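Reader: I'm new to this one and would love a close look at a single part. Could you take me through one place where helices pack, and then show me what lies around it?

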Amino acid sequence: MDAIAQVILSGMAVGGIYALVAFGFHLTFITSETLNFAQGSCVMLGGMMAITLLQRGWPFPLVFAAVLVALGAFGALTEVVCVRPIKDRYASIGWIASTLGLAIVIDNVAGLIWGTLPIEFPSPLTRRPLHILGAGIYAQELLIPLVAIAVMIGLHQFQKQTMLGKSFKAVAFNQDAAELMGINGQAMVCLAYGLS
């Protein structure tokens, strides 16, 4: 029973991370019918940036905010530089090669800066395991699925309750019709990449 509980609880944490990455793919696809194949590399980049800032003494909440802003800007820049010019100019799927190339660049630069060996994230939520149903699990592993669910609910409410969110949803439904109604479709696609 202990082993089953351990697998289920740890699996929920890993599943929460995969759900967030998949949700990022979903956001870009529904607005632009493109995917950011550098998404996984961006997740790694965020983690490495956070580790670096924490090692330099930044407080955890400030690190969290700085990494979110930096990765949001990087995601928007990815759309502007790697996806939009190719999709608009050539009406092709060349954005696949472009975002895959970006992933290779990110991975290699990260390897040069931080090395290729695993680095443990210095989280205050991994100091002492909790014991649930005989399984040892860190508080961070319990928090990850909750954060994933909260992010998805938050985005749903954003789309439902705000004008910007409704514009985002309109572009996802039909970009041409949304643009006829005065919504800037390119800006919404850029926002989707930033959010992802």
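Author: Let's go straight to helix 6 and helix 8 (residues 185–195), which pack at an angle of about 100°, with their axes 9 Å apart. That angle makes helix 6 roughly perpendicular to helix 8. On the helix 6 side, the contact is made by Leu-164, Ser-167, Phe-168 and Val-171, and on the helix 8 side by Gly-185, Met-188, Leu-191 and Ala-192.

A few terms before we move on. Helices (H or I, at least four residues) and strands (E, at least two) are DSSP runs, numbered from the N terminus. Axes are lines fitted to C-alpha atoms, for helices over the stretch in contact, and angles run from 0 to 180 degrees between N-to-C directions. Angles under 35 degrees count as roughly parallel, over 145 as roughly antiparallel, 65 to 115 as roughly perpendicular and the rest as oblique. Contact means heavy atoms within 4.5 Å.

This is a predicted model, where local features need pLDDT of at least 70 and side-chain atom pairs count only at pLDDT 80 or more, while totals for chains, interfaces and linings use all residues. Residues are numbered from 1 along each chain as its sequence is written, and side-chain values use heavy atoms, with hydrogens and water left out.

Now stay with helix 6 (residues 163–173), since helix 1 (residues 2–32) packs with it too, at an angle of about 65° and with the axes 6 Å apart. Helix 1 and helix 6 are therefore roughly perpendicular to each other. Here Leu-27, Ile-30 and Thr-31 of helix 1 meet Phe-168, Val-171 and Ala-172 of helix 6. Phe-168 and Val-171 turn up in the contact with helix 8 and again in the one with helix 1.

Step back to the whole chain for a moment. There are eight helices and two strands, and along the sequence they follow the pattern α-α-α-α-β-β-α-α-α-α. The C-alpha atoms fill a box of roughly 60 × 40 × 30 Å, taken along the principal axes. Of the 196 residues, 32% count as buried; buried means under 20% relative accessible area, exposed over 50%, and partly exposed in between (1.4 Å probe, protein chains only).

Two buried threonines are worth finding. Thr-99 sits in helix 4 (residues 95–114) and is buried, with a relative accessible area of 0%. Leaving aside neighbours within four places in sequence, Thr-99 is in contact with Leu-35, Asn-36, Phe-37, Ala-38, Cys-82 and Val-83. Thr-78, in helix 3 (residues 60–90), counts as buried at 2% relative accessibility. Not counting residues up to four places away in sequence, Thr-78 touches Asn-36, Val-83 and Leu-102. So which residues show up on both lists? Asn-36 and Val-83 are among the contacts of Thr-99 and also of Thr-78.

Next, look for charges. A search of the whole structure finds one salt bridge, meaning a side-chain nitrogen of Lys or Arg within 4 Å of a carboxyl oxygen of Asp or Glu. Arg-84 forms it with Glu-79, the closest N and O atoms being 2.8 Å apart. Arg-84 counts as partly exposed at 23% relative accessibility, whereas Glu-79 is buried at 2%.

Last stop, the outside: Leu-146 in helix 5 (residues 139–161) counts as exposed, at 57% relative accessibility.
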